[in-house]
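Dear colleague,

Please find below the structure that I am handing over to you. My findings follow directly after it.

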Amino acid sequence: MLNVDRVRYMTQLAMFEKNELREFAGTQSYTRDDYVHTKLLLGLIAGSIFYAIAYAAGIALLLAFVVKRINSTFLILAVTIGLLVYLLFIYIYLRGVGQRARRRYDKGLEVMAHFQDQLEGLEEIYRREEE
């Protein structure tokens, strides 16, 4: 005989696995610190590349349209300002990356706990059917 509760649980688990579990399954293979630090490292690399491209484009535009003569004072000022802005940019960017990674990891823990509860509920239904 078909157990309606069991079918309902199995359908919910299948939909849950298809929609949400795959998205957060990768977060659980790391500890929280390892996951966040991995994301921070990737963010540092991506942010540095983005900033380098934006800085090079800004300097190229500045040289093409504003500055007619380049002297050592201008170069020192451009490098100093560029480094200070980079440090500020990377600090703000990495804070955001770290916060998003922590939230995502915590959400993954919640999703996995919910999935475990669903599995335990299904196991209880099977246990009751066997009795």
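Read from the N terminus onward, the protein chain of this predicted model follows the pattern α-α-α. It has three helices and zero strands. The radius of gyration of the protein chain is 26 Å, well over the 14 Å that the globule rule gives for 131 residues, so the chain is more spread out than a compact globule. Along the principal axes, the C-alpha atoms occupy a box of roughly 90 × 25 × 15 Å.

Several totals for the chain complete this overall view. Of the 131 residues, 23% are buried. The accessible surface amounts to about 9700 Å², and carbon and sulfur atoms account for 64% of that surface. The chain carries 16 positive and 15 negative charges, whose mean positions lie 18 Å apart. If one takes the contacts between residues at least 6 apart in sequence, 91% of them join residues at least 24 apart.

I turn next to the nonpolar core. The largest one has nine residues, namely Y9, L13, F16, L21, F24, V111, F115, L122 and I125. Helices α1 (4–25) and α3 (72–130) each supply at least two residues of this core. Its largest share, five residues, comes from α1.

Two core members in α3 deserve a closer description. V111 lies in helix α3 and, at 4% relative accessibility, counts as buried, because the cut-off for that class is under 20%. Apart from residues up to four places away in sequence, V111 touches F16, E20, L21 and F24. F24, for its part, is in contact with R104, K107, G108 and V111 once its neighbours within four places are set aside. V111 is also a useful reference point for distance along the chain: L62 is 49 residues away in sequence, and the two C-alpha atoms are separated by 50 Å.

I125 is the second of these residues, and it too is placed in helix α3. Its relative accessible area is 2%, and it is therefore buried. Beyond its neighbours within four places in sequence, I125 is in contact with N3, D5, R6 and Y9. A56, which is 69 residues from I125 in sequence, is 63 Å from it in space, C-alpha to C-alpha.

Q118 is a further residue of helix α3. With a relative accessible area of 15%, Q118 is buried. It is in contact with Y9, Q12 and L13, leaving aside neighbours within four places in sequence. Of these partners, Y9 and L13 are listed among the residues of the nonpolar core.

Helix α2 (residues 32–65) is the remaining subject, and L40 is found in it. What is the exposure of L40, and which residues does it contact? L40 is partly exposed, with a relative accessible area of 21%; this value is not under 20%, so L40 does not fall in the buried class. Outside its neighbours within four places in sequence, it is in contact with L94, V97 and G98. One of these, V97, is 57 residues from L40 in sequence, while the C-alpha atoms of the two are 6.4 Å apart.

Y55 is also placed in helix α2. At 28% relative accessibility, Y55 counts as partly exposed. It touches A78, V79 and G82, not counting residues up to four places away in sequence. The C-alpha atoms of Y55 and A78 are 9.9 Å apart, and their positions lie 23 residues apart in the numbering as a sequence separation.

To recapitulate the main points: the chain has three helices and zero strands, it is more spread out than a compact globule, and its largest nonpolar core draws at least two residues from each of α1 and α3. In α2, the contacts described for L40 include L94 and V97, and those described for Y55 include A78 and V79.

With kind regards

How values were computed: Residues numbered from 1 in each chain as written. Predicted model: local features only at pLDDT ≥ 70, side-chain atom pairs only at ≥ 80, totals over all residues. Heavy atoms only, no water. Helix = DSSP H or I, 4+ residues; strand = E, 2+ residues; numbered from the N terminus. Rg over C-alpha atoms; globule rule 2.2 N^0.38 Å. Buried < 20%, exposed > 50% of the residue type's maximum accessible area, 1.4 Å probe, protein only. Contact = heavy atoms within 4.5 Å. Areas by Shrake-Rupley, 256 points an atom, 1.4 Å probe, with all protein chains shown as cover. Lys, Arg positive; Asp, Glu negative; His and termini not counted. Charge placed at Lys NZ, Arg CZ, Asp CG, Glu CD. Core = buried A, V, L, I, M, F, W, Y, C linked by side-chain atoms within 4.5 Å.
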